[in-house]
Amino acid sequence: MITAEVLTDGLNVGRATDLTVRLTNHGAGVCTNVVFTLRLPPQVSAVRGSKELEVGRLAPGESRSAVVRVRPLRAGSWTAGANFSFRDPRGAACRVPDFSAPLVVAPPVEEIKAPPPRFEVALATPVLTHGEWDILRGSLTNIGPTPIEWGKVSLRGPFTVDPGGTFAEFGSLPPGGQASFEFPLRASEAGREVPVHVMAVCADRTAQRVQISRRFTVQVSQAGKADSGQIRILYLSANPDSEQRLRLAREVRDIKETLRKSAHRERFELDDHGALRPRDLTQALLDHKPRIVHFSGHGDEDGRFIAENAGGGQQPLPVTGVAALFAEMAGTVECVLVNACYSETMAKALSEHIDYVIGMRSWIGDRSAMDFSVGFYQALAAGLAIEPAYRLARASMMTGDGHGRGGEVPVLFRKEH
């Protein structure tokens, strides 16, 4: 004798659920040609799987199952039927005309939505080679409480990415789990801080998707040799007769001393140009081709740096003119420091063309300005990049103040890539 069962863990309106049809031979002989076709009531709709289960031979004690996914449409008590027939051990045809199975459908339940995926990405390759194929490696970490079912990482920047590796995919990632990725690419731009934009999208088991974008920088060295990191600094100062006297000679002396005493002093070269006049600026940039340009002196409330005229009086440098000049020098100049009062406006204008520009939001005292400058070059001489050097210089200035104030005066702008 063959019996049929329809099993479920519970039915709710609107929720897809699996029904399991199980056929079992409880007799002592082999049954053959078993055919079972499930008939669902109209209130329960089949969405996946076959409602037909055909078994050529079913031995005593043996069971066979099939799964049908259904979605109930209405709450209530309904009945499923079936076309059910087989041949008994003697070969006689048997038909079960009265098979029925109750289907109790409960009202819909509000499912508790899992929190969306949380993850972070990081790069593990600090240096690439310019103009040659290299590999940029990184990782994605699941920092959320729920598993990630699927994820994809891509990147953009001044690179040619191998056509076969424009994105990286990975599968299931448990909480705390980490997946590595790598991109074969060829860098088309050299520098100490070449931008890399990494985009990642992940989905959980409920198909919730989250996308993030992160900006990193990598060092891209010239092909065939390690990047020496040579840094040429152009120090430009002005102290017109009509303005309060600043200790600019002491500032540049302290900067030179800081660089001379550093363990990496061979990487730095400082060119000092005092009593700056407007026409001197262009010539100095052309002559020295600096990587860092340092303005030191006075600024006015319109954001202009106060240069000198031929007689030693003041001659402000227009912000638009200086910005236009540095737009032409953007290929060599990486950072500009305008260490003068009210220089935020000029710094912001220059940042449209230069990667890093530091200015001052308001008035700054002579001592604080010197502490900031020396702290900045101490950090660079220790091997720090521009941004951490800026932060350290700001902290150094606050430490020298005695009251720990003034940290909001220096401001760093970055060029949008």
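Select helices H1 (248–261) and H5 (366–381). The axes of H1 and H5 come within 9 Å and cross at roughly 20°. Axes here are lines fitted to C-alpha atoms, for helices over the stretch in contact, and angles run from 0 to 180 degrees between N-to-C directions. H1 is therefore roughly parallel to H5. Angles under 35 degrees count as roughly parallel, over 145 as roughly antiparallel, 65 to 115 as roughly perpendicular and the rest as oblique.

This is a predicted model, in which local features need pLDDT of at least 70 and side-chain atom pairs count only at pLDDT 80 or more, while totals for chains, interfaces and linings use all residues. Residues are numbered from 1 along each chain as its sequence is written, and side-chain values use heavy atoms, with hydrogens and water left out. Helices (H or I, at least four residues) and strands (E, at least two) are DSSP runs, numbered from the N terminus.

**Stop 1: between H1 and H5**

Show side chains on both helices. On the H1 side, pick Arg-250, Glu-251, Asp-254, Ile-255, Thr-258 and Leu-259. They meet Ala-369, Met-370, Ser-373, Val-374, Tyr-377, Gln-378 and Ala-381 of H5. Contact means heavy atoms within 4.5 Å. By class, the contact of H1 with H5 holds seven nonpolar, three polar and three charged residues. Ala, Val, Leu, Ile, Met, Phe, Trp, Tyr, Cys and Pro count as nonpolar, Asp, Glu, Lys and Arg as charged, and the others, Gly among them, as polar. H1 passes H5 in a right-handed crossing. A crossing is right-handed if the near helix is turned clockwise from the far one by less than a right angle, and left-handed if anticlockwise.

**Stop 2: H5 and H6**

Keep H5 and add H6 (residues 386–401). These two pack at an angle of about 140°, with axes 7 Å apart. H5 and H6 are therefore oblique to each other. H5 also passes H6 in a right-handed crossing. Contact residues of H5 include Phe-372, Gly-375 and Phe-376. Those of H6 include Ile-386, Ala-389 and Tyr-390. The contact of H5 with H6 has ten nonpolar, four polar and two charged residues.

Now click Leu-380. Beyond its neighbours within four places in sequence, Leu-380 is in contact with Phe-268, Ile-292, Ala-385, Ile-386 and Ala-389.

**Stop 3: the core**

Which residues have the most contacts inside the largest nonpolar core? Select Ile-233, Leu-259, Phe-372, Phe-376, Tyr-377 and Leu-380. This core has 32 residues. A nonpolar core is a set of buried Ala, Val, Leu, Ile, Met, Phe, Trp, Tyr and Cys residues joined through side-chain atoms within 4.5 Å. Buried means under 20% relative accessible area, exposed over 50%, partly exposed in between (1.4 Å probe, protein chains only). Elements giving two or more residues to the core include strand E20 (231–237), strand E21 (268–273) and H6. H5 gives the largest share, seven residues.

**Stop 4: two buried strand residues**

Go to Leu-234 in strand E20. Leu-234 is buried, at 0% relative accessibility. Leu-285 is 51 residues from Leu-234 in sequence, yet their C-alpha atoms are 7.9 Å apart. Not counting residues up to four places away, Leu-234 touches residues including Asp-271, Leu-285, His-288 and Pro-290.

Next, Asn-339 in strand E25. Is Asn-339 buried or exposed? Asn-339 is buried, with a relative accessible area of 2%. Its C-alpha lies 6.7 Å from that of Met-360, 21 residues apart along the chain. Leaving out residues up to four places away, Asn-339 touches Glu-251, His-294, Ala-369 and Ser-373, among others.

**Stop 5: the loops**

Most residues other than glycine have a negative phi. Two loop residues here have a positive one.

Select Lys-289, in the loop between helix H2 (278–288) and strand E22 (292–296). Phi of Lys-289 is near 45°. Lys-289 is exposed, at 55% relative accessibility.

Then move to Tyr-342, in the loop between E25 and helix H4 (344–350). Tyr-342 has a phi of about 60°. Its relative accessibility is 27%, so Tyr-342 counts as partly exposed.

Finish at Ser-362, in the loop between E26 and H5. Ser-362 is partly exposed, with a relative accessible area of 28%. Apart from residues up to four places away in sequence, Ser-362 touches Cys-341, Tyr-342 and Val-409. The C-alpha atoms of Ser-362 and Glu-344 are separated by 7.8 Å, with these positions 18 residues apart along the chain numbering.
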